[in-house]
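I opened the model to look up two things. One is helix packing; the other is the nonpolar cores.

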Amino acid sequence: MLVTASGAPGTAALLHALRDNGEREVRLVGTDMSERSVGRHLCDAFHLVPAGSDPSFPDTMLEVATRESVDAILPQSSFDLEGLAGHVDRFPMPVLVSPVDAIQRSNDKALTYELMHRLGVPAPAFFRVDGAAGVERAAHELGYPDRPVCFKPVFSSGSRGFRILDPTVDRAHQLLYERPGAVAMRLEEALELLPEGGVDLLVMELATGGERTIDGIANGGEIVLGHPKTREAMRAGLAMYFVTLDDPELMRLASLIVGELGIEHFFNIQLVGDYVIEINPRISTIVYQEDLNLPYLGVKRAIGEISDDELRALASRIRPGRTALRFFDQLEWDQ
């Protein structure tokens, strides 16, 4: 199996799950654009590749996958999806990506929110703007300074570029007592930094409340196996604590979204409070069970070893209350 972006935060747990599948030995091939990727040390083979946005990325991935004789390609990064999906017919092995249209409509947050409003799914009020002046107008239209709002790039991943605009933020407290990278700032401070144009941004109503996601495997029209979970204890933009949930309404909502977008293979739908704020047509953080290994099952489905009906039959194994705690670890070696 080839796992892309093998320096991503969830790589170690994912690779361990693929190895500890209970059925067979697997050979893992990692790729990443950084030599310091943990995949270099946890995979059986490792290759440096260009960024997913680089025009040479699909050809490089095809060459690596062919040379390593992999049976399936599992991308982890949103930035790798479109470059692979646009060339999936050239690969002699399954590539676990959705169609290009589903990826584009999911990754473009403005298109995501437009779709949610059309479907009647709760999502933030928003404006798509260009540059500082657009952010200022939209922020006031959404109620700033009487209430905080937020903005982020139309295409982003992993909380990159996300900022809360809050007139009450205590900047001195941030400076002296918080870690670098606080996401709250005043509108005036943001306007000093933003360019006048040439940057595609979303200015949005600030969603509040607990975070939940729905994770699973889809077949292009419906969910065949999946479950909701909480998403808690944020550190550096990453959730560190998860608890699986039994929530039929969240599953109904996810099924509606998956069917409308035509998502294939892995997906992750994120909510803050009641609002859908993000759709990721890729694998995300998984809460593993000894009798339910979602990544391995998704690969088995892709290579034709398990049917959708067989996956549906495994839904009874999902254990609400199953908890995952992420933590930092490290490796040592001599150069």
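Definition first: I call a crossing left-handed if the near helix is turned anticlockwise from the far one by less than a right angle, and right-handed if clockwise. I also note that this is a predicted model.

Entry 1, the helix pair. I looked up α4 (residues 78–85) and α5 (residues 100–107). Their axes come within 9 Å and cross at roughly 155°. Angles over 145 degrees count as roughly antiparallel, so I log α4 as roughly antiparallel to α5. I then checked the hand: the crossing of α4 and α5 is left-handed.

Entry 2, the residues between them. From α4 I list Ser78, Leu81, Glu82 and Ala85. They meet Val100, Ile103, Gln104 and Asn107 in α5. Sorted by class, this contact has 4 nonpolar, 3 polar and 1 charged residues.

Entry 3, the largest nonpolar core. I find 32 residues in it. Which of them touch the most other members? I get Met116, Ile257, Phe267, Ile269, Val276 and Ile279. Next I looked up where the core comes from. At least two residues each are supplied by α6 (109–119), β9 (200–205), β10 (211–219), α10 (248–261), β13 (264–272) and β14 (275–280). The largest share, 6 residues, comes from α10.

Entry 4, Ile279. I left aside its neighbours within four places in sequence. Ile279 is then in contact with Ser106, Thr112, Met116, Ile257, Leu261, Ile263, Asn268 and Ile269.

Entry 5, another core. I find a second, separate core of 27 residues. Among its members I note Ile217, Leu292, Leu297 and Val299.

Methods
Residues numbered from 1 in each chain as written. Predicted model: local features only at pLDDT ≥ 70, side-chain atom pairs only at ≥ 80, totals over all residues. Heavy atoms only, no water. Core = buried A, V, L, I, M, F, W, Y, C linked by side-chain atoms within 4.5 Å. Buried < 20%, exposed > 50% of the residue type's maximum accessible area, 1.4 Å probe, protein only. Helix = DSSP H or I, 4+ residues; strand = E, 2+ residues; numbered from the N terminus. Contact = heavy atoms within 4.5 Å. Axes fitted to C-alpha atoms, helices over the stretch in contact; angles between N-to-C directions. Parallel < 35°, antiparallel > 145°, perpendicular 65-115°, else oblique. Nonpolar A, V, L, I, M, F, W, Y, C, P; charged D, E, K, R; others polar.
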